[in-house]
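Hi there,

Here is the structure I promised to pass on to you. My notes on what I found in it follow below.

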Amino acid sequence: MCDVVFEFYDCGQLPKVVTSSFITLAPKKDNSQSVADYCLISLIGSVHKIWSKLLILWLRRVISKVISSCQNAFLLGRYILDDVLVANEFVDYVDRHNKGYVLFKIDFENAYDSISSDFLDYMMERLGFSMKWRSWVKAITCGSNNFVLVKDSPTIEFQSQKGLK
C-alpha cells in the first residue's frame with residue numbers, strides 16, 4: 001500500500017485498477033420487486049479514497065486563499081443551503097412590504113454536477129498550484145473507469161474522461 005501511495009506521489013498516475021469503481025444496487029428489503037426497493041451504492045478502491053482524502057486535507061490549508069470570502073460553499077462552516085435561507089427571507093420581506101421583485105432561480109445541484117477538467121486545470125494553474133498538484137487532481141478526478149454490476153459481474157462500463165462527474 002505504501003509503495004502505491006509513494007509511486008503516485010512521485011509520478012502522479014494511478015494504475016487503472018485503482019481508479020475503477022463499481023456501482024451496484026443493494027436491496028433495501030427481502031423480495032425486492034421495483035427499482036425503489038434498491039439502494040444505489042458506489043464502490044471505490046481504498047487507494048483512491050486514501051489519495052482523495054490526502055488531497056482534501058492538503059487543500060484545506062489553502063482553500064480560503066483561493067475562494068472568495070462571499071462564497072457560501074466549500075469552506076468550513078459555510079453551507080450552500082445558507083443561500084436558500086437568505087432567498088426565502090428576501091421573498092418573505094418583499095411580499096410583506098408589497099414590493100415588486102424578479103427572482104432568478106439556479107439549480108445548485110446541477111451547477112456542481114460536472115466541471116470541465118481542462119478548465120479546472122487552467123484555474124489551478126492561474127491560482128499558482130504546482131504541476132505535480134495538478135497531475136494528482138487530474139489522476140484522481142479524470143479518466144476513471146466505472147462499471148455497473150449486474151448479478152455481481154461488471155457488465156456495463158462507462159468512462160469519465162472529459163470532466164468531473
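Arg-134 counts as buried, because its relative accessibility is 9% and the cut-off for that class is under 20%. Please keep in mind as you read on that this is a predicted model. The residue belongs to helix H8, which covers residues 131-141. What does the side chain of Arg-134 meet in a salt bridge? The partner is the side chain of Asp-121, with 2.7 Å from N to O. This pair ties together distant parts of the chain, since Arg-134 is in helix H8 while Asp-121 is in helix H7 (residues 117-126), 13 residues apart. Asp-121 is partly exposed, with a relative accessible area of 27%. Side chains of opposite charge can pair when their charged atoms come close. The two side chains are also listed as a polar contact, at 2.7 Å. Beyond its neighbours within four places in sequence, Arg-134 is in contact with Asp-121, Met-124, Glu-125 and Phe-129.

How many salt bridges does a search of the whole structure find? The search gives two. Besides the pair just described, Asp-37 forms a salt bridge with Lys-29, and the closest N and O atoms there are 3.6 Å apart. Asp-37 counts as buried because its relative accessibility is 12%, whereas Lys-29 is partly exposed, with a relative accessible area of 48%.

Asp-37 leads on to a loop that I would like you to look at. Ser-32 sits in the loop between strand S1 (20-27) and strand S2 (38-44), and the side chain of Ser-32 reaches the backbone oxygen of Asp-37 at 3.5 Å. Is Ser-32 buried or exposed? With a relative accessible area of 15%, Ser-32 is buried. Not counting residues up to four places away in sequence, Ser-32 touches Pro-27, Asp-37 and Tyr-38. Asn-31 lies in the loop between S1 and S2 as well, but Asn-31 is exposed, with a relative accessible area of 67%. The backbone of Asn-31 deserves a look too: Asn-31 has a positive phi of about 55 degrees although it is not a glycine. Most residues other than glycine have a negative phi.

Now to the nonpolar core. The largest nonpolar core has 14 residues, and those that touch the most other members are Phe-8, Leu-14, Trp-51, Leu-55, Trp-133, Trp-136 and Ile-140. Two or more residues of this core come from each of helix H1 (2-11), helix H3 (46-60) and H8. Which element gives the most to this core? That is H8, with five residues. To see the packing around one of these residues, try Trp-51: leaving aside neighbours within four places in sequence, Trp-51 is in contact with Val-5, Phe-8, Tyr-9, Trp-58, Trp-136 and Ile-140.

On the surface, Phe-90, Tyr-101 and Leu-103 make a nonpolar patch of about 290 Å². Phe-90 lies in helix H5, residues 81-96. At 39% relative accessibility, Phe-90 counts as partly exposed, because that class runs from 20% to 50%.

Back in helix H7, there is also Met-123. Its relative accessibility is 29%, so Met-123 counts as partly exposed. Met-123 and Val-66 are 57 residues apart in sequence, yet their C-alpha atoms are 10.0 Å apart in space.

Finally, the overall picture. The protein chain has eight helices and six strands. Read from the N terminus on, the elements run α-α-β-β-α-α-α-α-β-α-α-β-β-β. Of the 165 residues, 25% count as buried. The chain exposes about 12,500 Å², with carbon and sulfur atoms supplying 59% of it. Among contacts between residues at least 6 apart in sequence, 48% join residues at least 24 apart.

If you want somewhere to start, I would suggest the pair of Arg-134 and Asp-121, which meet in a salt bridge, and then the core to which H8 gives the most residues.

Happy viewing, and best wishes!

Terms used:
Residues numbered from 1 in each chain as written. Predicted model: local features only at pLDDT ≥ 70, side-chain atom pairs only at ≥ 80, totals over all residues. Heavy atoms only, no water. Helix = DSSP H or I, 4+ residues; strand = E, 2+ residues; numbered from the N terminus. Buried < 20%, exposed > 50% of the residue type's maximum accessible area, 1.4 Å probe, protein only. Contact = heavy atoms within 4.5 Å. Areas by Shrake-Rupley, 256 points an atom, 1.4 Å probe, with all protein chains shown as cover. Polar contact = N/O pair within 3.5 Å; in protein donor to acceptor, adjacent residues only side chain to side chain. Patch = residues over 30% accessible without salt bridge, like charges linked within 9 Å, V, L, I, M, F, W, Y side chains within 5 Å. Salt bridge = Lys/Arg side-chain N within 4 Å of Asp/Glu carboxyl O. Core = buried A, V, L, I, M, F, W, Y, C linked by side-chain atoms within 4.5 Å.
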